[in-house]
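Q: I'd like to take a close look at one part of this protein, starting from the overall fold. Here it is.
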Amino acid sequence: MKKILLIIIVFALFACSNNKQVKKKVIQLKIIQLNETLVAGVFDSVDQTTPNKFPQIWQAFMAKQSALKNISKSGIFYGVGYGYKKTKDGFKMNYLAGVPVSKKFEAEGISFYTIKAGDYAVFSHKGKLKSLNETYKKIYEQTIPQSEYKIKNSAGVEKVLALAATKKA
């Protein structure tokens with residue numbers, strides 16, 4: 001088996017979709033080569049008891065956008081889950097919401113994470129934020145186990161191509 005890293009491309013995160021369609025849909029796998037990417041943003045620790053922290057981290061990031069410098073790709077946002085640890089109650093990890101930058105800079109409340117270069121599996125999620133968990137479940141429970149690949153122990157990356165901050169998911 002070949003080892004891969006995981007990247008999920010999230011398109012139109014807040015677009016309307018029928019959750020029944022998401023559940024029936026087969027999640028397709030595509031392999032790409034990703035260059036090393038430095039991400040600047042806001043992070044916090046999350047666990048299975050704090051799923052509502054993800055939107056809070058994104059809101060904190062949006063509030064800090066004016067402090068960002070050296071943005072290398074406009075209109076692209078990353079959510080990076082790293083430092084994943086199993087605990088007796090489930091899991092704990094760090095999550096950073098941010099943008100790709102060309103180099104580090106000093107700014108209060110801004111953290112950095114470097115996404116390693118390598119082969120990544122790309123999956124697409126189209127629909128409401130509340131159905132994203134269903135996409136993850138299909139990827140980990142169906143698509144990956146039925147493929148020739150396995151997940152490398154590395155950061156999970158979400159690449160968000162559009163943020164619609166005014167709509168609720």
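How many helices and strands does the secondary structure of the protein come to? After that, please look closely at helix H2 and its surroundings: how are the rings of Trp58 and Phe61 arranged?

A: Happy to take you there. This is a predicted model, in which local features need pLDDT of at least 70 and side-chain atom pairs count only at pLDDT 80 or more, while totals for chains, interfaces and linings use all residues. Residues are numbered from 1 along each chain as its sequence is written, and side-chain values use heavy atoms, with hydrogens and water left out.

The secondary structure comes to three helices and eight strands. Helices (H or I, at least four residues) and strands (E, at least two) are DSSP runs, numbered from the N terminus. Read from that end, the order is β-α-β-β-α-β-β-β-β-α-β. The protein has 169 residues, of which 40% count as buried; buried means under 20% relative accessible area, exposed over 50%, and partly exposed in between (1.4 Å probe, protein chains only). Contacts (heavy atoms within 4.5 Å) also say something about the fold: among those between residues at least 6 apart in sequence, 81% join residues at least 24 apart.

Now to helix H2. A pair of aromatic rings is described by the distance of the centres and the angle of the planes. Here, rings of Phe, Tyr and Trp (its six-membered ring) pair if their centres lie within 6.5 Å; planes under 30 degrees apart count as stacked, over 60 as edge-to-face and the rest as tilted. The count by this rule is seven aromatic pairs. In one of them, the ring centres of Trp58 and Phe61 are 5.8 Å apart and the planes stand at 90°, so the pair is edge-to-face. Both residues belong to H2 (residues 53-63), where they are three residues apart and so separated by about one helical turn. Trp58 is buried at a relative accessible area of 15%, and Phe61 is buried too, at 0%. Ring pairs also bring in Phe77, which joins Trp58 and Phe61 in a cluster. For another edge-to-face pair, look at Phe105 and Phe112, with 5.2 Å between centres and 85° between planes. Phe105 is buried at 9% relative accessibility, whereas Phe112 is partly exposed at 21%.

Just ahead of the helix, Thr50 sits in the loop between strand E3 (37-47) and H2. Thr50 counts as buried at 19% relative accessibility, and its side chain reaches the backbone nitrogen of Asp47 at 3.0 Å. That is a polar contact, a pair of N or O atoms within 3.5 Å; within protein, one must be able to donate a hydrogen and the other to accept it, and residues adjacent in sequence count only if both atoms are side-chain atoms.

Charge comes next. Side chains of opposite charge can pair when their charged atoms come close. A salt bridge is a side-chain nitrogen of Lys or Arg within 4 Å of a carboxyl oxygen of Asp or Glu, and the structure holds one. Its partners are Lys53 and Asp44, at 3.5 Å from N to O. Lys53 is partly exposed at 22%, and Asp44 is partly exposed at 32%.

On the other side of the helix in sequence, the loop between H2 and E4 holds Lys69, and Asn70 lies in that loop between H2 and strand E4 (77-87). Lys69 is partly exposed at 45% relative accessibility. Leaving out residues up to four places away in sequence, Lys69 touches Val101, Phe105 and Glu106, so Phe105 turns up again here. The C-alpha atoms of Lys69 and Ser102 are separated by 8.8 Å, although these residues are 33 apart along the chain. Asn70 is not a glycine, yet it has a positive phi of about 60°; its relative accessible area of 28% makes it partly exposed.

For contrast with the salt bridge, finish at Glu158 in strand E8 (residues 149-160). Glu158 is buried yet has no salt bridge, and the nearest side chain of opposite charge, Lys159, is 13 Å away. For charge, Lys and Arg count as positive and Asp and Glu as negative, while His and the chain ends are not counted. The side chain of Glu158 does make a polar contact, at 2.6 Å, with the side chain of Tyr95.
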